[in-house]
Each structure stands twice: as structure tokens, then as C-alpha cells.
Amino acid sequence: MVNIKINGIEYSVEEGTTILEACRQNGIRIPTLCWLKDINAIGACRICVVEMSGARSLTAACVYPLSKFDEGKNILTHSPAVLESRKMTLQLLLSNHNMDCLACARSGNCELQALCKELGVDDSSYFEGAKNEFDIDTSSKHMYRDDNKCINCRRCVAACEKYQGIGVIGANERGFKTEISCAFGMDLANTACVSCGQCITACPTGALSEKDDTDKVWEALADPEKVVVVQTAPAVRASLGRLSVIR
Amino acid sequence: MMTVAELDAIKAKLHSQMMLRKGSEAGEDTYRKHVLVCGGTGCTSSGSMGIINKLNEELKKNGIENEVKVIKTGCFGLCALGPIMIVYPEGSFYSMVKEENIPEIVSEHLVKGNVVERLLYSETVTDSGIKSLNETNFYKKQHRVALRNCGVISPENIEEYIALDGYQALAKVLTQMTPEDVIQTILDSGLRGRGGGGFPTGKKWQLARNLVKDADQKYVCCNADEGDPGAFMDRSVLEGDPHVVIEAMAIAGYAIGATQGYIYVRAEYPIAVERLRIAIGQAREYGLLGDNILGTGFKFDLDLRLGAGAFVCGEETALMTSIEGNRGEPRPRPPFPAESGLFQKPTILNNVETYANVPQIILNGADWFASMGTEKSKGTKVFALGGKIHNTGLVEIPMGTTLREVIYEIGGGIPNGKEFKAAQTGGPSGGCIPAEHLDIPIDYDNLISIGSMMGSGGLIVMDENNCMVDIAKFFLEFTVDESCGKCTPCRIGTKRLYEMLEKITSGNATLEDLDKMEKLCYYIKNNSLCGLGQTAPNPVLSTLRYFKDEYLAHVVDKKCPAGVCQDLLTYKIVADKCKGCTACARKCPVGAISGTVKEPHSIDTTKCIKCGACMATCKFGAIVKE
Amino acid sequence: MEEANEFIDRVKNGDVLPMITSCSPGWVRYCEAYFPEFLPNLSSCKSPQQMAGAIIKTYWAKKNNIDPKNIVSVSVMPCTAKKFEIGREDQSAAGVPDVDISITTRELVKMINKAGLRFNDLPDEKFDSPLSEGSGAAVIFGATGGVMEAALRTAVWKLTGEAPDSPVEFNEVRGVEGIKFAEYNVGGTAVKVAVVSGLANAKKLLTQVKNGEVDVQFIEVMACPGGCVNGGGQVIQPAEVRNFVDIRAERAKALYSLDTARAVRKSHESPDIKEVYANFLGEPGSHTAHEVLHTSYKPSSLSK
Amino acid sequence: MAFKKSVVAFSQTPEQEQKLMEVINKEKGHKGALMPILQQAQEIYGYLPIEVQTIIAEEMGISLEKVYGVVTFYAQFSLNPKGKYKISVCLGTACYVKGSGDVYNKLQEVLNIKGGELTPDGKFSLEACRCIGACGLAPVMTINDDVYGRLTVDEVGDILAKYND
């Protein structure tokens, strides 16, 4: 066991537990963005940084395994410096993000949006600057890919590669121009993507979303000539109960 | 398979011959003279290969090809004077040699025996006779440990390396020392990483040996990525003395219990790659790599892995990720490489120069090494002197030598009588050192305390004509291009930082922008995942610290004191110097210059695009830029 | 019904084994692209979505004398791959597509909100007949292992003299593990089955099967880890939730509790199913059944 | 989506394909084989078109996107053929401080192409490169294997003229 202090209070956790999980076990919530349990622990977005005594710079909580070398260290999860850093990280992300929230499929259910609210972003154009302009891939029957809303967290890449063993999307180019896309900028429909949508449910923002066919259903319902017959899958009812449905 | 005895035999056989190159008369050696020609990248680019061929041709013509041996060596260090040729035992130092000088040198010096003074390096020619190389200013204060063999032995002949105690350290380690002894020696020597971080090498090896006891495989890696622009120390060691790195890595393998090593070399160094390939092949041939080395049962082998153009791969975890065949993106630490590095096995990664010191420490002992340098920075450091300096080249100085000595005494000062402004160390991760710190002893901790860092050794000297804001912008442009793009602070932060610098150098910035920029710098330093991001703001922070007035000039007065930032310059015609010859008006691409013939002309600054064509054509120096 | 029957035929006639389920369109596309050599192993049954659509546009249309061209068959699915499946070849029993529009759970949520429905204030209502009363076996399709259990319930019932009290619970194939194995003694013959979810797990299992390291007769493959409950079309849970709550297990639990609550828990006991077979299909695997409820596959050459 | 196929139609000789297969089979067994294979493939073809990357991906049993992701990360790998004469201007600090930026701009002006591009006739390709370690000759440029040191802007014209065959 490793004895550490979190915000000054003593705790002891199993060796190898990350700072994030150690805090969670003791009721302390650290915000995350790019971390997806088991498949995407890469420390890329830097939202989950914390202060740790003895460290030269802030430490990403999601990928720091506590060991005997950390005995007795004190971890500050919400110090002013930490909160300021998390806010600046968000402002940097926004500076290269298409902030068209009002027309976005994920408005109200977007993790970037929620974090901006939680961490008090009050000037979304604080870091004005050049933005990438990527083409939007609408080639597939089931989804579209809008990389102008992508924050490079790579959760979708992890889902496609680790869950599905397919990996037709990934990080291409380098630096600011890095883009999550298919090989040679190919359309998703020309790749062996099996349209399973695991990347969509992994995506924190509106960069990946299913194609909306509801207008066609409304049209059919309104058409007196047509008889509309609807069948529902068993699994639908298991996830329909989410609060946002029943206002 | 070779035994220690055979190793010693080779050494004995060649030793006397090698002494010729240390200035003693040729013993029973068949050759009476050795002519060493520099085969480093700089000199090769200036045609030293042609010089060698011409030399061989001329020697045959004069029938003395069996008396004079021609050897292609590594870099001597004084690149500014390349191509370089030295004739032993006299040690006559011919500089800026051209092919057409060869016939004269051969007939006059090599045949008749009188040195062609006209072609010698001027400084060595004094009225009291020819000064030897080591007395010249460039070499006097140097102390060559890592560069010991560079410019002395032929890098493509393992036996010349063996002749100067090559692989004796490995023999000593394998036959007389336990792995723990080796680590203790390195610890006691106080050797710290020469890649720039300065982590104690002994400690790194100790961790790799002890952290994971039952690892089925461990790795020894060499960081020869040397991505810092303006740094070429590692290149010179690899091109001049590749075996020292091979021997040191074998010793490291024995110390931590690894049987496989990788050297990660930049693809931009073809000559170094070639020399390493030859050296590894010869080492295997002589049984100094592979199974049962020197009959001691120790097994160690080495492979080359080429970089492919990514500065970030100089960072240790990125380098390992690259060797694993991926995008060279750094990994979070811990786990540190000593616990889980290459292919998730315990790994040590040291810089070329760090390894170059190891055999010497083993042979001469930790105290010998600890006697050099300062209290916390032991030994010597190799610097690559470049930029606005006379003696561009390679300099190895004991830690503690001051910057003034390096620039003025060894470096020969600033050309064209210009004023020294700053020295930049540590490349894109480093900072600048202004005139006020010229007398600071160079070592890890001092450089960090003044906001710069040791870095790998690139030392770029800048004079009054360099604009420090422009230099900071240059480094940020580099980092933006070389960032791997994985983490937010570096991917987006450095881009915003670069845009802010562009705003300043184009005269559109406000004082508030300066504060915002400084805050962004500390944010990037504090939040980036790896060393590249954490140090990317250093060039900005250190220029802000020492040259704040230049920033203010750009922001408040909209002026660039050094006359570099195009947008802030205005071209003006000095009325009394202008003869009205209309040459400038005709050259101006945008018709911004007006005036009648023979009358002083004037430039309409609103139209002027500041291309400088008028200034270039004016014969009377009537056009100035401020 | 059809799948259990096909499995029994394959075992009896010594056809290609192991038989692999074909209800997950993501998995079918994966098989066509990455393991074309296993296409003969795929059950020729259409997916439940397509079967339901086919029955609606054939039997149900005739029964209510509606011209199939005037029927808009809509499906609400936890899956985005269904949007691709409706356009596949060999999926139009009545000469018109079995399913015209497939929307995800997320799109249904949008429609509910747009329509201003307030479920708490609405009385419970039954689905319209036919096909109104799904059996317990059908409900658990959404969890990994559910299709296998459903098929086993019918297959075991058939191979053990159609006893009404034939086994109904096959716990070995339940649970969220990516790869599950089980062996059952069915009427004297040992039947080895495997259940995988997540295509990376399918890749591992199929490679083992190809190399002969694993001997199984019947495999259920679900493209999405945990089965359709964790499908690509489901309501998206933020990382905050999915990192600390096992969504797959929670949602599966809901389906298994619905199953135990149902009176009818085996497909062959469902009155609607019986009616369709009696009035239209005849026997499982009959010619009509083949025409209406079965499809075909072909390798894909898209860039991997 | 802008499909980034290379500008030149792909054609390969049997020897090239045979050599490529040799390289793949030799390296495939070692760990981290992708990088050496890509480097040697670029040696064989001069660049890495989709056809070559597809062969490598299939032989190694990895996705084409994995290969493409690695290729687009490193500056040395190129999707388009380089010019008959590869011009590489060093923009390292030592050269930059001595004016290699002006030489680079002059070249772009004379050749009428931007950095990273190829002249329409395929003769010259121009790129800026990181320090090649010849700082003693700053500012430096290389054209294939020839190295030009201590460059001035005016020399650019006549250096290019030497490569007119």
C-alpha cells in the first residue's frame, strides 16, 4: 500500500493505482476528457492535471501510477494553479474548435461543453488564432466525420483499434495539423469500416455523429398514403431511460 | 572469437605506429609519415574525398606511396578551416586545402621534407617556428576526452581504435569487475547525461539493474538523434570514433544485464550511419560483439535504427516508441524506461557523448574523471560553436570554463568587428545568455539558474544584427513544426505562442499581449506531456528576461532595433546622398519611389513592400532602413 | 426459430461447422472484409430487424390487404450498422426493401422530445399485433450471449422431444466477458458453443478456430463489446459515467429481468410466432421461410 | 474528402516489387520492423505511394491507416516523388542566423514553387531541412549529394544553372 495525502488528508491506496482512481476511491472527482478506461490512457488532453509535491510540473492524474517512490507525497486536486491550467487547456481547445454549439448534435450532451461550464470558461475566444479547416466526411450511410469539432483525444481511434481490431481511422500528419482520419484522406465508405458506431459513442464532442434520418420518419408519418410500421430492438429500452428523455 | 591476449597483441603491433601521430619519430614502422585528412561532414562537403584521391595519385607519381600513409579521419573540430589535412609526426596543420595544392604539398613537404608554410593554418606560423596544433588558441584550452580519438584514428579501421586502448575497458570490465563495480565506478565519477537533462548516468544504470529483477530481456539504447539545429557533436563522435560508443554500450549491457542494444541515428547523418555500420561489422568480426565476447561468455549485440526526420524522437520515450515502429509520440512517465522502456522492458538510454566518456572512466578510474569540472558537473562538455563566430567548430572544454573563454579565446571572437549580443544554448529547448553572464562558469546548474540549459551542446553566437524577438520566433516556428501533436498545451499552445510572436514582429501587439504571452509560456511549461513542450517556451522566456527592451521597442515604438523584422522597417532615402540617378525608382517592383532626374528621390512608405531591392542597387548608400 | 433449426440441420447433415450467428450487421461486414473464409459458416438467417420487416411486408401486408409499396417499415435500433444493412442486397422479401428507415435510439430520443411526449403521464399500451408479444428469448438478444441462449432454448427443446419443461436458463453464456465458452449435453450429443462480443475478440477466437486450437460448433458474435446494449446507436453516456459504471452489465441486467418476468420465454412458444408459421411460413427452414427470412453474403474488397 | 493520391501515376518494375518483398520478409520477423521497411521501400521507389503502403500493410497484417499514420509523421517519408534534383536548404539555427532563410526564399522565387513542392517538369523539388551538421559551412544547401556551403543569395541562379540536363 502507498500512503499519500490528497488535499492534505491522509489516504492509503494499492500500489499501481493511478492518482485519478485513488481520488475517485475516496470521493474526490478529477475532471477527465481523453481518458477511457482500459483502452485510452495516454495523457494527451491534460485536463486531469494535479499538483504533486516534488514534481517539476503538473502531473496528469489519469496516467500516474502511485508507487513506493510517492510515499507521503501531497496531491492538490483543485488548487488555484490547477484550476487555472485546466481552464487554459479548455480555452486552447476551443481556439481550434468549431464552436457552433447551437446547431450541434451533441449540444447538451458534449463533454467539452460540460467541462467549459464546470471549469468556468468565460471567454471562448481568449486564444484567437488560426483554425484547421478539414473537409467533412459524409460518405458513409451511417455517420459523418467533422474534424473541425475534433479535439484529438483519440478515444475513437482506441475504440476502433482496441475494441474492434479494425483501426481504419487514426492520427495522421503531425503537430497542429494532426488529424484523425483515414489513410490517404480516404472516405470512410471506401475503407473496411463496418459502421458499428463504437467511435461515435466514444467521441466526447459532435465530431462524430450518426446521420439523422428522423425527418424521413416524420414525413412518412405525415403521408396519408403510407402505413408506417415501427419495430424496436430489445436493447433500445435498456438505454432509453436516461433522464434527458423524460423532462 | 578473440581472447584478451589477442586484443593486447593487436594493440602492441600497432601502438608504435600510432605514436607517430602523437609526434614521436616513426619507430620500426614502415611508414615515415602519416597524412590525416578530415572525413567529417563539413570537410567532406568541401571536397576532402577529392583531396584524398589526389593525394594518393600524387604519392604514386612520386613513388612514395609506401612511405607516406594517408588516413581518412573524423572531425578535428575546426570546421571553419575545412578541409583540414595534418602531416605527422611534424603535426603541420594545413587548412582550407584545395585539390590544386596537393602536388606542391607532396613534392615540397612529403618528398623534400620542407613544410609549405603558406598553406598552413596562419596562427601556427610564428617567427619562432611552427606552433603545434595544441598551442593554437582554438585547442589550447580544450581538453579532449570524448573527442580523444576524433581526428587521430581512422574510424573505419578497428585496429587503430584498439591500438589506442580500444576495448581494453570492456576487457577489464568483463574479466575483473562485477556489474555492481561498473555501476559504482560510473556513480563515483559523477558523470551526468550529456543529452541536456544532466541525469546522473550511474543512477540510471543502477535503477535499470535493480528495479525489475526477473526481466527476461533488457535493452541498452543510444540517443544519436541530435535534433537540435546547430548541434553536431554526436555526429562528429560517430563519424570520428564509432567504436567508443559500441564499447561503452557493451559495458552498459554488462552492467545492467542486457544482451541487445540499439543505436538510434538521425537519417540526416548518412556518413555517421555508414561509419557505424562498418564499425559494428568489424566489432562482430573481431568477436567484440555477439556471443561469448572475449571468451567470457558475455553476449551482447547491437543494431542500428534510423530516425526519419522527427526532432521529438530525441525525447527518450518518443525514441523508443519510434524504434517500436510507431509514430514517435512520447509516453507518460512513470513508468520510467529503467522499469519499462523499449518493448516494455527495462531500458537505459544515454546520449552519444555520455557513452564516449565511459571507457575512459573505466580505464582511468572514477577519481580521474571527478578531478575535472565543477563540484556538481564533472568531466568535460563538447560544444558545437556556430553562428557569428570566427572559429566555427567542435570544442571540448572542462566543465567550469566560462562562456567568455569559449567565445573569445577558443572561438576567436565575433567577425566583422560586430558587438556580441547573446549566446544561445540548448537549441529550441534552451535559452540565451546575454553579455552580462559571459563570465559564468558553464555547467548544468549555472545555466539553468540563468534561465538557459546545457542542452546537447549547440552554442550559437549572435551579434548586434540579430533581433532576439526574431530568434525566439524562429525557435517557436521550429517547435510548432516539430511538435508531435499529441498533447493540447504543445499542439495548440506553441502555435498560439508563435502567432503572438508574429503579432509582435509585425507591430500589431499591445502590452497586454506581452503579459498574455508570458502566462501562456508558463502554462505550456507546466502542462506539456514531455520535455519538448515543457522547454519550448524557454527561448521566449529567456529573451523576455534579458531583452525586454527589445520586446517593448517592437510593441510600443513599433521598431526593430536590430533592423531584422521586415514589417517594422521603413526604407528612407537620405536626401544629401541621393544623386537622383533614378536607378532605385526603376528597380522598385511597386513603383513606390518618385523624384525627378538628378533631384533627391523619396519613398512612399505606404506603397513600399520593404523588399530592399532599392537599397541593394543604390551605389551611393543613399538608402537606409530604420 | 430459423437459426436453431439451421444449426440442427447443419449438425445432422454434417454441413459446415461451426455455425456463426448473423444478426449483427457490423460483424457480418467484418466477416466479409477480414474473414471471408468464414462466410459459409455464417447462418443464412437474416437479422431480426430484416426478418420482422420481411414478415410485415409479406404476411402482415396480405393479412391487412395493404400494398407493400405503401408500407414504410421503420426500425428503432441501438445500432448504426443497421443503417447500412437496410441497403444490402438480398434483403427485400416482398420485392421492396424489408426495412426502409433505421433510426438509432438517439434519434428516437430526438423524436420523443420533438413530439413533446411525457411518458410519465401516458398509460401503458401493448404493441399492435401481430408480432406484438416478443418472447423472453427475444428480449435477451440485446445482451452478449442472449442470441445463443435463445437459440439453445429452442434447439434443446427440439432435440429432447419438445418437452414443455425443457431447460430455459443457460447461465454459462451470460456475463460481459469478451470471450465465453460453454458445453452442453443435448440429447446425448455434446454441443460446444462460444460467445464473443467486440470484433477484436472475434478476431482472436476466429484465428484460434482457423488454427484448430479451439473446437466449437456454434458461435455467437456481437460486433459491440457487451452486445447490442452497448451498441453504436445507444444514448451516449459521458466518460464520467462509462469509466466508473459497467454500462453493459447494467443494461443487460434490465433485459434479463424482463426475460424472467415474461410468461413466454422460448421463441417457439410465442403465439405470434406460431401464427406466422401456421398461416404463412409452414415449417422452420421451409421454402417460404428461405425466400422471406434468409439472405446471402459476399467478400468485400474495401481497403483495410 | 481530399484524397491525397500522389500526383504521378504509379508504375513499378518487377525488380522493385521483388526487392520490396525481400525487404519485407527479411525484416518482418523483428520487432519494430515497420520503420526499417518503410525506409528501404522509399529507397527502392523514391517515395511511398498508396500501392506500396498497401503491400506493406497486408504483408505485416496491420491496417493501411497505421502505415499511413507513421509515414505522415516523419518528414523523411514522402507521398510524392522527389524531383530529379532534390534541393534541401538547411534552416538550422547556425544557418538561419547567417541568412539561409533568404536563400530559401530566393529559391522559391526562382523555381516558382513553394517549399515541399515539385517543379511541374519534375526536375527540382525544394524542401527546408533540419540541421545536417555542416554548420562550419553555414548557410548550407544540398542538391542530391552535392553540398553547397557559405551560400549567398546571388549564387542561387548559377548553382541551379549547373543542373540543366
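Which domains does the domain assignment of chain A give? In this predicted model, the assignment splits chain A into domain 1, covering 2–78, and domain 2, covering 90–214. Taken over C-alpha atoms, the centres of domain 1 and domain 2 of chain A sit 27 Å apart. Where the two meet, domain 1 of chain A puts in 10 residues and domain 2 of chain A puts in 14 residues. On the domain 1 side of that contact, the tally is nine nonpolar residues, one polar and no charged.

Next come the contacts between chains, starting with chains A and B. Here 27 residues of chain A touch 24 residues of chain B. Helix 2 of chain A (residues 80–95) supplies the largest share of the chain A side, with six residues. By class, that side of chain A breaks down into 14 nonpolar, 11 polar and two charged residues.

Then there is the pairing of chains C and A, where 66 residues of chain C are in contact with 54 residues of chain A. On the chain C side, the largest share belongs to helix 5 (residues 105–115) of chain C, which brings eight residues. The chain C residues that touch chain A comprise 39 nonpolar, 19 polar and eight charged.

Strands link these two chains as well. Strand 11 of chain A (residues 227–232) runs parallel to strand 2 of chain C (residues 71–77), and six bridges join them. As for individual residues, Val228(A) stands opposite Val72(C), a residue of strand 2 of chain C.

Methods: Residues are numbered from 1 along each chain as its sequence is written. Chains are lettered from A and ligands numbered from 1 in the order in which they are written. This is a predicted model: local features need pLDDT of at least 70, side-chain atom pairs count only at pLDDT 80 or more; totals for chains, interfaces and linings use all residues. Two residues are in contact if their C-beta atoms, placed from the backbone, lie within 7 Å. Helices (H or I, at least four residues) and strands (E, at least two) are DSSP runs, numbered from the N terminus. Ala, Val, Leu, Ile, Met, Phe, Trp, Tyr, Cys and Pro count as nonpolar, Asp, Glu, Lys and Arg as charged, and the others, Gly among them, as polar. Domain bounds come from an automatic or database domain assignment. Two strands pair if DSSP finds at least two bridges between them.
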